[in-house]
Amino acid sequence: MIWYNIRIAIRNFAYQKSISLLNLLGLSIGMSVTLLIFSFVNFETSYDNFHNEGNLIYRIISVDKGTGGIDYRATTPLPLPEVVRADIKDAELTTGLTHFLSENEPVQIENQTFFNLIGYTTDSCFLKIFNFQMISGNQSTLFENPESVVLTQSTAKKLFGNENPLGRVLTIEKFNFTVVGILKDLPENSVFKFNLLVSHLILKKMHPDLAHLWWWGGSLTFIKIYPNQSIESVRKSLAAIPDKYFPDFLKGRETYDVQPLENIHLDNRVLGDYIPPVSSNYLYILMAIAIGVLFIACANFANLSTSQS
């Protein structure tokens, strides 16, 4: 029976080549469009799914209570990572990323100047929470010196060519940083985009009153909770921070919430991300379009095939 149907199909194709080719072309285009949309949606929903125990990782976000309503921001005050580390015992690990270098700011190496680089300050917990692979350098001591810097692999190539970058010095603003480690280039499906990481200790040299700068936002604060730990206990501890640490003129204006790592790229309520998030509704619409295109292509193929027989 199967071979009989195959012979009939071949015979019809031979007799009506133009119509058969057009029919196959329509089905192929429909399937191709569907596969492309599915691939795009799969990529957008795969952001940062490669971290071990990613379900235990959360970002702390700011919740601003203004007269126009509630706003959610990705950045938190500069002192927050240290306060969370000290006060919230339900968080196993805490780290902060603070924007330090913009693309239009220069990086100086001897008599050469480089632009289009992005840098953050951070601490040793960053690489304990997130699984970004080290190529060289001692992970446990990377950020002990305030003037140490870690480069991504492609950035090291850009700045130093084929030379060994470890121990080399680069200048950002008035600070000289020594290269102490090289990271493998970041995956494309990650909310983190940077070329270099600088020790968080440099912030204390730049801002001696760092512990009191609650009015100055700029840190992306992440925590990793213990397995089987309820995130609600962390929320309760976060709610107590403003009354305990805020100056009087800030109290009542801002509080904090947590956002699962897996939701960051798909939560467009939160403002201030370097990579703008994608609305999950937008992805649902794309999936509906893909299914519709596939249905129309299959129906068209069946109708044309029937009309030829």
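Tutor: Two strands are said to pair if DSSP finds at least two bridges between them, and we shall apply that rule to this predicted model, beginning with S13.

Student: How do you know that S4 and S13 pair, and in which sense do they run?

Tutor: The strands S4 and S13 are joined by 7 bridges and run antiparallel; since the rule asks for at least two, the term applies, and one of the bridge partnerships sets Thr98 against Ser219 in S13.

Student: Which strand pairs with S13 over 2 bridges, and what makes that count suffice?

Tutor: That strand is S3, residues 76-77, which pairs with S13 in the antiparallel sense over 2 bridges; the requirement is at least two, so the count meets it. Pro77 has Gly217 in S13 as its bridge partner. S1 pairs with S13 as well, over 4 bridges and again in the antiparallel sense, with Arg59 standing opposite Phe222.

Student: Why is S13 called mostly covered?

Tutor: Of its 9 residues, 8 are buried, and buried means under 20% relative accessible area. Lys224, which lies in strand S13, illustrates the test: its relative accessibility is 9%, which falls under 20%, and therefore Lys224 counts as buried.

Student: What makes the contact of Lys224 and Glu53 a salt bridge?

Tutor: The N to O distance between the two side chains is 2.7 Å, and the criterion is a Lys or Arg side-chain nitrogen within 4 Å of a carboxyl oxygen of Asp or Glu, so the contact qualifies. Because Lys224 lies in strand S13 and Glu53 in the loop between helix H2 and strand S1, the pair ties together parts that are 171 residues apart in sequence. Unlike the buried Lys224, Glu53 has 40% relative accessibility and counts as partly exposed, that class lying between the limits of 20% and 50%.

Student: Why is the pair of Glu188 and Lys193 still called a salt bridge?

Tutor: Its N to O distance is given as 4.0 Å, and the cut-off is within 4 Å, so the pair is accepted at the stated limit. Glu188, at 58% relative accessibility, counts as exposed, the class that begins over 50%, whereas Lys193, at 22%, counts as partly exposed.

Student: How are Glu232 and Arg235 placed relative to one another in helix H7?

Tutor: They are 3 residues apart in that helix, a separation of about one helical turn, and their closest N and O atoms are 2.7 Å apart in a salt bridge. A search of the whole structure finds 14 salt bridges, and Asp64, Arg73 and Glu254 are linked in a network of them.

Student: Why is the pair of Phe130 and Phe222 classed as it is?

Tutor: The ring centres lie 5.3 Å apart and the planes stand at 90°; pairing requires centres within 6.5 Å, and planes over 60 degrees apart count as edge-to-face, so the pair is edge-to-face. Phe130 sits in the loop between helix H4 and strand S8 and Phe222 in strand S13, 92 residues apart, and both residues are buried.

Student: How do you know that Phe132 and Phe192 form an aromatic pair, and of which kind?

Tutor: Their centres are 5.7 Å apart with 85° between the planes, and these values again meet the limits of 6.5 Å and 60 degrees, so this pair, too, is edge-to-face. Phe132 lies in the loop between H4 and S8 and Phe192 in the loop between S11 and S12, 60 residues apart. The residues of both pairs belong to one aromatic cluster, which includes Phe50, Phe126 and Phe194.

Student: What makes S9 a strand with both faces covered?

Tutor: Ser148, Val150 and Thr152 on one side, and Val149 and Leu151 on the other, are all buried. S9 is joined to S11 by 5 bridges in the parallel sense, with Val150 opposite Gly181, and pairs with S12 over 3 bridges in the antiparallel sense, where Leu151 has Leu196 as its partner.

Student: Which elements supply at least two residues each to the lining of the largest pocket?

Tutor: Strand S4, helix H6 and strand S13 each do. The pocket has a volume of about 430 Å³ and is lined by 28 residues, with Leu97, Thr98, His99, Tyr120 and Gly218 nearest its centre; by class, the lining has 16 nonpolar, 8 polar and 4 charged residues.

Notes: Residues are numbered from 1 along each chain as its sequence is written. This is a predicted model: local features need pLDDT of at least 70, side-chain atom pairs count only at pLDDT 80 or more; totals for chains, interfaces and linings use all residues. Side-chain values use heavy atoms; hydrogens and water are left out. On a 1 Å grid over the protein atoms alone, a cavity is a set of points where a 1.4 Å probe fits but cannot get out, and a pocket is an open set with protein on both sides within 12 Å along at least five of seven lines; lining residues have an atom within 4 Å of a point. Grid points are joined across faces, edges and corners, and a volume is the space filled by probe spheres set on the points. Ala, Val, Leu, Ile, Met, Phe, Trp, Tyr, Cys and Pro count as nonpolar, Asp, Glu, Lys and Arg as charged, and the others, Gly among them, as polar. Buried means under 20% relative accessible area, exposed over 50%, partly exposed in between (1.4 Å probe, protein chains only). Rings of Phe, Tyr and Trp (its six-membered ring) pair if their centres lie within 6.5 Å; planes under 30 degrees apart count as stacked, over 60 as edge-to-face and the rest as tilted.
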